[in-house]
Amino acid sequence: DATHECPTGDTCCKLASGQWGCCPLPKAVCCSDGVHCCPEGTTCEVSTGKCNRGDINMPWFEKTPAISTEEVLNVQCDATHECETGKTCCKLASGQWGCCPLPKAVCCSDGVHCCPEGTTCEVSTGKCKRGDISLTWFEKVPAISTAEVSNVQCDATHECPTGDTCCKLASGQWGCCPLPKAVCCSDHVHCCPEGTTCEVSTGKCNRGDINMPWFEKTP
């Protein structure tokens, strides 16, 4: 809906709570117990906890809570690479980081593909296997280099827009000064341009004989 989403390759299903959940399969069948789901082309047999297709039975999959679009944070692969929320960091054949479009995915040894959690990669056939069921595998995409990401990282969970400077607020939380390489003033509310000093008593930024109004930080 407008405030909840699932990662690429997942299917939105309602949970028993009535909230949205994500099934780690594309075009999945949402089971009526509000907890599990099955691959496309199968049916849920709630009484046995299986996914059925003809004479074939396989264990069903469990849904996870959907992502609130108000709380989205990227998945860190290392200090300089990340994947979007709900994806899994996997190494590519090149040795660089890539992103599998599934949460908690299995990274296949060919360095190109990945499979849903609870399955295994069968590289020889290009499939994801779970019991007697085969699913088409997924392709990884290159990870995001944080060196190319526009935002300025304050710490692992907070960032400021490009061209801003991270400064602590009076609350102890991170704030953003709307200047690059700014001076963070000791009142924890204001900041000044690079090369100036904060004069808290007058509320000014000083450089030699030049005084200028200071700037206010934002959360």
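Which residue lies over the face of Trp 20? In this predicted model, that residue is Lys 14, which is placed at 4.8 Å from the ring centre. The chain as a whole has 219 residues, of which 40% count as buried, and its secondary structure comes to zero helices and 33 strands. Among the contacts between residues at least 6 apart in sequence, 33% join residues that are at least 24 apart.

**Aromatic rings**

- A second lysine is placed in a comparable way, since Lys 91 lies over the face of Trp 97, at 4.9 Å from the ring centre.
- When the whole structure is searched for pairs of aromatic rings, zero are found.

**The sheet of S18, S19 and S20**

- Three strands make up an open sheet, in which the order is S18-S19-S20 and the pairing is antiparallel.
- Strand S18, covering residues 120-122, and strand S20, covering residues 133-136, stand at the edges with a single partner strand each, so one side of each has no neighbour in the sheet.
- From one strand to the next, the twist in this sheet averages 40°.
- As general background, the strands of a sheet pair through backbone hydrogen bonds, and they may do this in a parallel or an antiparallel way.
- Strand S19, which spans residues 127-130, is joined to S20 by four bridges, and the two strands run antiparallel.
- Within this pairing, Lys 127 stands opposite Thr 136 of S20, while Cys 128 stands opposite Leu 135 of S20.
- The hairpin of S19 and S20 has two residues between the strands, and in this hairpin Gly 131 takes a positive phi near 65°.
- In a regular strand, side chains alternate between the two faces of the sheet.
- Strand S20 shows such an alternation, for Ile 133 and Leu 135 point to one face and are buried, whereas Ser 134 and Thr 136 point to the other face and are not buried.

**The sheet of S4, S5 and S9**

- Another open sheet of three strands has the order S4-S5-S9, again with antiparallel pairing.
- The edges of this sheet are strand S4 (29-30) and strand S9 (61-62), and each of them has a single partner strand, so one side of each is left without a neighbour in the sheet.
- Two bridges connect S4 with S5 in the antiparallel sense, and in this pairing Cys 30 stands opposite Cys 37 of S5.

**The hairpin of S26 and S27**

- Strand S26 (residues 165-168) and strand S27 (residues 174-177) pair over four bridges in the antiparallel sense.
- One of the residues taking part is Cys 167, whose bridge partner in S27 is Gly 175.
- This hairpin has five residues between the strands, and Gly 172 takes a positive phi near 95° in it.

**Nonpolar cores**

- The largest nonpolar core has 17 residues, and those with the most contacts inside this core are Cys 23 and Leu 25.
- The elements that give two or more residues to the core are strand S5 (36-38) and S20.
- If residues up to four places away in sequence are not counted, Cys 23 touches Asp 10, Thr 11, Cys 13, Ala 28 and Cys 37.
- A second core, separate from the largest one, has six residues, including Cys 90, Cys 100, Cys 114 and Phe 138.

**Positive phi outside glycine**

- As a general point, most residues other than glycine have a negative phi.
- Lys 104 has a phi near 50°, which is a positive value in a residue other than glycine.
- The position of Lys 104 is in the loop between strand S15 (97-100) and strand S16 (106-107), and with a relative accessible area of 60% Lys 104 is exposed.
- His 188 likewise has a positive phi, here near 60°, although this residue is not a glycine.
- His 188 is found in the loop between strand S28 (183-184) and strand S29 (190-192), and His 188 counts as partly exposed, with a relative accessibility of 36%.

Key. Residues numbered from 1 in each chain as written. Predicted model: local features only at pLDDT ≥ 70, side-chain atom pairs only at ≥ 80, totals over all residues. Heavy atoms only, no water. Pairing = 2+ DSSP bridges. Axes fitted to C-alpha atoms, helices over the stretch in contact; angles between N-to-C directions. Phe/Tyr/Trp six-rings, centres within 6.5 Å; stacked < 30°, edge-to-face > 60°. Lys NZ or Arg CZ within 6 Å of the ring centre and 35° of its normal. Core = buried A, V, L, I, M, F, W, Y, C linked by side-chain atoms within 4.5 Å. Buried < 20%, exposed > 50% of the residue type's maximum accessible area, 1.4 Å probe, protein only. Contact = heavy atoms within 4.5 Å.
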